[in-house]
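The following paragraphs examine selected side-chain pairings and one helix packing in a predicted model. Please consult the sequence and coordinates alongside the text.

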Amino acid sequence: MSGPLSGIVVLDLTRLQPGNYATLLMGDLGADVIKVEEPGKGDYIRQMPPMMGAMSAAHRVLNRNKKSVTLNLKKPEGTELLHRLVETADVLVESFRPGVMQRLGVSYESLAVANPSLIYAAITGYGQDGPYRTQVGHDINYVAISGVLGATGQAGGPPVLPSVQVADLSGAMMAVVGVLAALVSRGKTGLGEFVDVSMMDASLSWLALHLAPWLAGEPGPQPGEGYLNGGFPFYRVYRCSDDKFVSVGALEPKFWKALCDALGFPELVYEQFPAPQRRAEIHLLLESRFVSRPRDEWVRLLAPLETCVAPVNDFDEMALDMQVLARRMLVEKDLPGGMPWKELGIPLRLLNNPGAIRLPAPGLGEHNSQVYGGIGVSEERLADLLDLGVV
């Protein structure tokens, strides 16, 4: 099986995590992803430590199942080459600030002339319009403006950064959803599409459940005071005697009852949603019980009782977790040259046409001859373009 996106050609002009993750998912599902990079430099992710041999570990993780070509879009010959690549492509993904592609002469409008069925996805911090459209930023800024950061942390304390980039990754996933929707639409109309993805918009959309009370006229979610951000004893983490932690997610009443009975506090069953002062008291009661045993002992005792209790794993523990192993979310691979490597598994599972890890992360410009030869560029012409600094 070659994957459900087999035959779909994706030109990836992105850098760093958001675009790379979006095209990683497409590549894992079988798309032919061609990473278009600046000659001599490439994607900045290639230089991000730690290095494994000549390649960054981050590059190896995010850019598998892709080919690499080099292209200088500041040269007229470079923009001409991109137009030629677009003629045989299905999708283009870029992550420049609004207006950059227009200044380079490769806007969606000009590329759509070369290929009216092209699906063009632009991933930006704030989107293609609005007062912030050209403002610089990173994930921390997008989640700050969207309200995600302001609702994260302990009650009375400062905002706490999530350990993963919520805006980057939600924006990447929105880009994939937009591209897939556009491919379905194109199958009906034959026409391409412009997909405008704002990472701020994407992170804000993930607040749907948290915003529901505010939309109903109640106060907005405060750090450490909501149902799902640590404000109630039934949904938070607890320290154990070995200074490790368990996560408790006993949100439904049946799970809360099972937890209270198992911990020896049956009287708390009817106090799942107490007033703030009482919440703190119940939290201390549960904490005093959890700190009486090591984490793994609590997990063995509580997991079979349907209490929604699970260990808080570090990365070493995660790699040995039986569910992670069963789902093959970390797989052993040998890199070129025989270097051992744990590869992230594929998170999208399709029964009849699954994706696959087909290619290791490419060297910079590794596929110039193959890709440019496929659009009629001879080796002689490619050598000339190399001398001109175009590839």
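Glu297 and Arg293 form a salt bridge in which the closest N and O atoms are 2.3 Å apart. Glu297 has a relative accessible area of 26% and is therefore partly exposed; Arg293, at 31%, is also partly exposed. Elsewhere, salt bridges with shared partners link Asp12, Lys35, Asp43 and Lys66 into one network.

Within that network, Lys35 pairs with Asp43, and their closest N and O atoms lie 3.0 Å apart. Lys35 counts as buried because its relative accessibility is 0%, and Asp43 is buried as well, with a relative accessible area of 1%. By the rule applied here, the count of salt bridges comes to 19.

A further pair is found in helix H10, where Asp261 forms a salt bridge with Lys257 at a closest N to O separation of 2.8 Å. These two residues of H10 are four positions apart, about one turn of the helix. Asp261 is partly exposed, with a relative accessible area of 37%, and Lys257, at 41% relative accessibility, likewise counts as partly exposed.

Helix H10, residues 253-263, also packs with helix H11, residues 276-290, at an angle of about 55 degrees, and the two axes are 11 Å apart. The helices are therefore oblique to each other, and the crossing of H10 and H11 is left-handed. On the H10 side, Trp256, Leu259 and Leu263 meet Ile282, Leu286, Arg289 and Phe290 of H11. The residues of this contact comprise six nonpolar, no polar and one charged.

Conventions
Residues are numbered from 1 along each chain as its sequence is written. This is a predicted model: local features need pLDDT of at least 70, side-chain atom pairs count only at pLDDT 80 or more; totals for chains, interfaces and linings use all residues. Side-chain values use heavy atoms; hydrogens and water are left out. Axes are lines fitted to C-alpha atoms, for helices over the stretch in contact, and angles run from 0 to 180 degrees between N-to-C directions. Angles under 35 degrees count as roughly parallel, over 145 as roughly antiparallel, 65 to 115 as roughly perpendicular and the rest as oblique. A crossing is left-handed if the near helix is turned anticlockwise from the far one by less than a right angle, and right-handed if clockwise. Contact means heavy atoms within 4.5 Å. Ala, Val, Leu, Ile, Met, Phe, Trp, Tyr, Cys and Pro count as nonpolar, Asp, Glu, Lys and Arg as charged, and the others, Gly among them, as polar. A salt bridge is a side-chain nitrogen of Lys or Arg within 4 Å of a carboxyl oxygen of Asp or Glu. Buried means under 20% relative accessible area, exposed over 50%, partly exposed in between (1.4 Å probe, protein chains only).
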